[in-house]
Amino acid sequence: MYEHLNKKIILGVDIGGSHISAALIDNNTGDLISGSIRKKMVDAQASSSQIIDEWVEALNDSLNSVNDYHLLGMGIAMPGPFNYEKGISLMKDVNKYSSLFGMDIKKALKQQLQLSDSCPIVFENDGACFGIGESLSNDIIDKSRVIAITLGTGIGSTFLNTGRVIKNDEGVPFNGELYNQPYKGGIIEDYVSSKWLLSAYNSLAGGAKSVKDIAMKATEESDEIAIKVFQEFGFHLAESLKPWINSFKPDCIVLGGSIVKSSHLFMPEFKSQVNQSGQQVSIKISGQLEESTILGAASLVLSKVKKSNMSRKTNQPLLPISKSNSELSSGEYDLYPSFSLGEHKIFKGYNTLANWMVDKKAVMIDGLAGTDWDTIQERLAEEFKVIGINVRWDKAETFQHTPATIKKLTEPFIGNIGDVWGTQCTLDLADFFNKDLTSFNPVAGEQLHILIGTGASLAGWDNLVYFDLPKNEIQFRMRAGQCVSLIPNEGLANPEIYKHLYFVDWVINRKHRVAIQKKIDIIADSQWQNDITWAHAASIYDGFDEMTRSVIRARPWFEPGAWGGQWLKNQVNGLNKNEVNYAWSFELIVPENGLVFESDNNHLEVAFDWLMDNQANAILGEDVKVFGSEFPIRFDFLDTMDGGNLSIQCHPSLDYIKNEFGEKITQDETYYILDCKENAQVFLGFQDSIDPEEFENVLHESTEKKIPVAITDYVQAHNAQKHDLFLIPNQTIHSAGKDNLVLEISATPYIFTFKMYDWLRLDLEGNPRPINIEHAFRNLDFSRKGDVVKNELISKPQTLTQTNEYRIVHLPTHKEHFYDVHRIEFSNSISLNTDGKCFIMMLVEGQAITVEIDGKAPVRYNYAETFIIPASVGEFTISNLTNDEIKIVKAFLK
């Protein structure tokens, strides 16, 4: 008996066509608990009640092997067909568990095992669980692409890329399932299963009752028929896998399941046939067999438990609250760029903020929706208790209109359920509150009266503290199920809540902040939840002013995605290496990026658009007449290196985005190839033979029937090379192919993408990605086809200036683009002048440079870092810090 008081455990289960295996996993170590493994043979043809009873007996036996445990959940590897999300069996006419068809297995097990509603049961395909479990083993953890196969009553399969299960992607069968794929007039499972082995042998010799019988005849009796049958099995296994080996290009194939106990009989033929495919594939027999499947199933529960306990759902670390004194090495990307305010400008801790408040009679604490007001109140209350001050607290939310009223107010701006877009909200924050808030006065006689929450400043008191919060951090909290919006959104999926944020909350919050910013006394950063930094607003505004005479870099942030790659993960130090991939780096997307200030080694982050609302004239120069306080150009990375293709997509015309979504500019893009592999491609423009009606029909059929599209029959694929620039004006069909690192230079709108084909894959949560064929076909320009694409949509570099010291290359953009691109090439240094234009720049070749402005201390920038030179700067000098040739991309408004 395993003895440990109140041990937190997970029950991992492997259900096969003729057995159930269960074991307990230690939550702290992730290891299987010795002595907890239970295996029981099950009659798959029995009644539903008998099958469930036999399963429950095995599960209880495993649970009873420990004392004083806390069961966190149960993960079950189950053969298909099965509704894994709901726990309902769909097995019918597959020679196993037919009596369970339509049965809610999750509900039945919970009742029989007397589990609470809070104890999750997670189901997944047995092949997928086996693959996940195997990916945790040291000998294949470094294999990027893996096909894991279980061989038993049927064939289970999973496709993995860097440990992540791939169910719907290029080169992968639908849902990653091989068993029902066509083979020799039937399906693969007709030839690769214990059923086939028995049938094949008994048709020639007879007398075998199990695969074990045949194996014994081959091994102990040298039965030629038995040997031949296993060889044919190896042949069928290889032949049925070859199409997927060629399309998925795995680094490793790992085999498990009961039949691999006889692998010595079929492996030589299998390896011989696989080698004939021309792919270099290592082949591994699982050393853990069913234990891998159990561990894989248990890991899904662990993931679910961790997610439910998180207040933010991301692997991206928080901004360090304090600046590190360690210097970055030359060329090393800085995750946390900061701008110094000088000494004694930023203060740390709730205690220091409480001390600032002690001599005030009344304080308003306002800020972005999504701020954790409860924690802020609790932490400040603790400090006031230490100080010995009695505080009356009131919450701004008590003055909000009813949820029904707010929902009715905002419905016109958030579009239809299922759509990813809405329209810019025209309301004011005050519209969300009743008039009692504006007439609510501090209560006389209180030592300190605090009104806290979004909209608190509408009360109009003296002493205003404003809490800012990075928008990406709000999204991380949203994904973890936190309440982050002023709009009632109970029961809505995250994409719907994001619409509330993007089209309503952030619009009205920004408008509100601009209206009150002259009244703000203190600006605070609450992203750490249990700690804060803060500064006097005057210090921050002085920092904004100083930025206009300096060089600026936003804090980048990083996101995984369905098509994401490994370049950023491998090249950017400090990123979490446990993330499955990184699809994006938002280098400069002003609506969501922040600016980090530093003083006395303390960090404080504010929204980038706060700078624009204060200093748009100095940042944009004369172009402010066109764009106002909106920063018009964005830089971001699209990382498909060792990843997948982006969706085939287009962006709306200017009239369409104005009329449909209330935006002022549309998403005109370019792809600058920062790095790529030899065979990398960019999909751009139509084939000369394009038939729009045929293409639309093919796309609809693909979406409805999950049929792959031969996309190059309709869309051109162009070879990509480093430093190429592909032009993607609105209405142009395009996609970045796999094995690229794309610097996307674009107009600022960034969510208005109409996907037409997404390679039949799911997102990282296992959900379908939105497809917007109707929107796309209202916008696609079918004249961008054939030679027009090569002539007009691939930039042709032109040397503008060349001396012994430097060269300036023009990379002309399309007539639709309101921005242009230059590349500056030099070895030592170069002096430039903004001439009243804002420059957005990135080091795209070389390790490190410095930028010097007006005799100030030089500021270093490293490879792949984005920085801004405000229009008001005038002359500046860029110097090379190494012996490498330097190439810098510069984007600016025409």
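In this predicted model, W461 has a relative accessibility of 9% and counts as buried, because the cut-off for buried is under 20%. The ring of W461 pairs with that of F440: the two centres are 5.9 Å apart and the planes meet at 35 degrees, so the pair is tilted. F440 is likewise buried, with a relative accessible area of 16%. The two residues belong to distant parts of the chain, 21 residues apart. F440 is in the loop between α11 (403–410) and β19 (448–452), while W461 is in the loop between β19 and β20 (464–468).

The count of aromatic pairs comes to 45. Ring pairs also link a cluster made up of W421, Y498, Y502, F503, W506, Y656, F661, F752 and F754. One of these rings, that of W506, has the charged end of K471 over it, at 5.8 Å from the ring centre. An arginine is placed in a similar way elsewhere: R145 lies over the face of F248, 4.1 Å from the centre of the ring.

R145 is also one of the residues of strand β8 (145–151), and this strand is mostly covered, with 7 of its 7 residues buried. The cover extends to both faces of β8. On one side R145, I147, I149 and L151 are buried, and on the other V146, A148 and T150 are buried. Strand β8 has a partner on either side in an open sheet of 5 strands, which has the order β10-β9-β8-β13-β14 and mixed pairing. The edges of this sheet are formed by β10 (164–166) and β14 (282–285), each of which pairs on one side only. From one strand to the next, the twist averages 30 degrees.

Strands of a sheet pair through backbone hydrogen bonds, in either a parallel or an antiparallel sense. Both senses are found at β8: the pairing with β9 is antiparallel and covers 7 bridges, whereas β8 and β13 run parallel and are joined by 5 bridges. A148 takes part in both pairings, with T158 as its bridge partner in β9 and V254 as its bridge partner in β13. The connection from β8 to β9 is a hairpin through 3 residues. Further towards the edge, β9 (residues 155–161) pairs with β10 in the antiparallel sense over 3 bridges. In this pairing, N161 has R164 of β10 as its bridge partner.

Two helices pack on the sheet. Helix α3 (residues 126–135) touches β8, β9, β10, β13 (252–256) and β14, and its direction makes about 45 degrees with that of β9. Helix α7 (residues 263–275) touches β8, β13 and β14, and its direction makes about 165 degrees with that of β14.

A further open sheet consists of 4 strands in the order β39-β44-β41-β42, with antiparallel pairing. Its edge strands are β39 (829–833) and β42 (859–862), each pairing on one side only. The twist in this sheet averages 25 degrees from one strand to the next. Strand β41 (residues 848–852) and β42 run antiparallel and are joined by 4 bridges. Within this pairing, A848 has N862 of β42 as its bridge partner.

Two charged residues at other sites are buried. R513 lies in helix α13 (residues 494–516) and has a relative accessible area of 4%, so this arginine counts as buried. Apart from neighbours within four places in sequence, R513 is in contact with Y466, A607, D609, W610 and D613. The C-alpha atoms of R513 and L368 are separated by 8.9 Å, although the two residues are 145 residues apart along the chain.

E744 is placed in strand β34 (residues 740–747). With a relative accessible area of 5%, E744 is buried. Its side chain makes a polar contact with the side chain of R634, at 3.0 Å. When neighbours within four places in sequence are left aside, the residues in contact with E744 are R634, F635, D636, L638, E669, T670 and Y671.

Key:
Residues are numbered from 1 along each chain as its sequence is written. This is a predicted model: local features need pLDDT of at least 70, side-chain atom pairs count only at pLDDT 80 or more; totals for chains, interfaces and linings use all residues. Side-chain values use heavy atoms; hydrogens and water are left out. Buried means under 20% relative accessible area, exposed over 50%, partly exposed in between (1.4 Å probe, protein chains only). A polar contact is a pair of N or O atoms within 3.5 Å; within protein, one must be able to donate a hydrogen and the other to accept it, and residues adjacent in sequence count only if both atoms are side-chain atoms. Contact means heavy atoms within 4.5 Å. Rings of Phe, Tyr and Trp (its six-membered ring) pair if their centres lie within 6.5 Å; planes under 30 degrees apart count as stacked, over 60 as edge-to-face and the rest as tilted. A charge sits over a ring if NZ of Lys or CZ of Arg is within 6 Å of the ring centre and within 35 degrees of the ring normal. Two strands pair if DSSP finds at least two bridges between them. Axes are lines fitted to C-alpha atoms, for helices over the stretch in contact, and angles run from 0 to 180 degrees between N-to-C directions.
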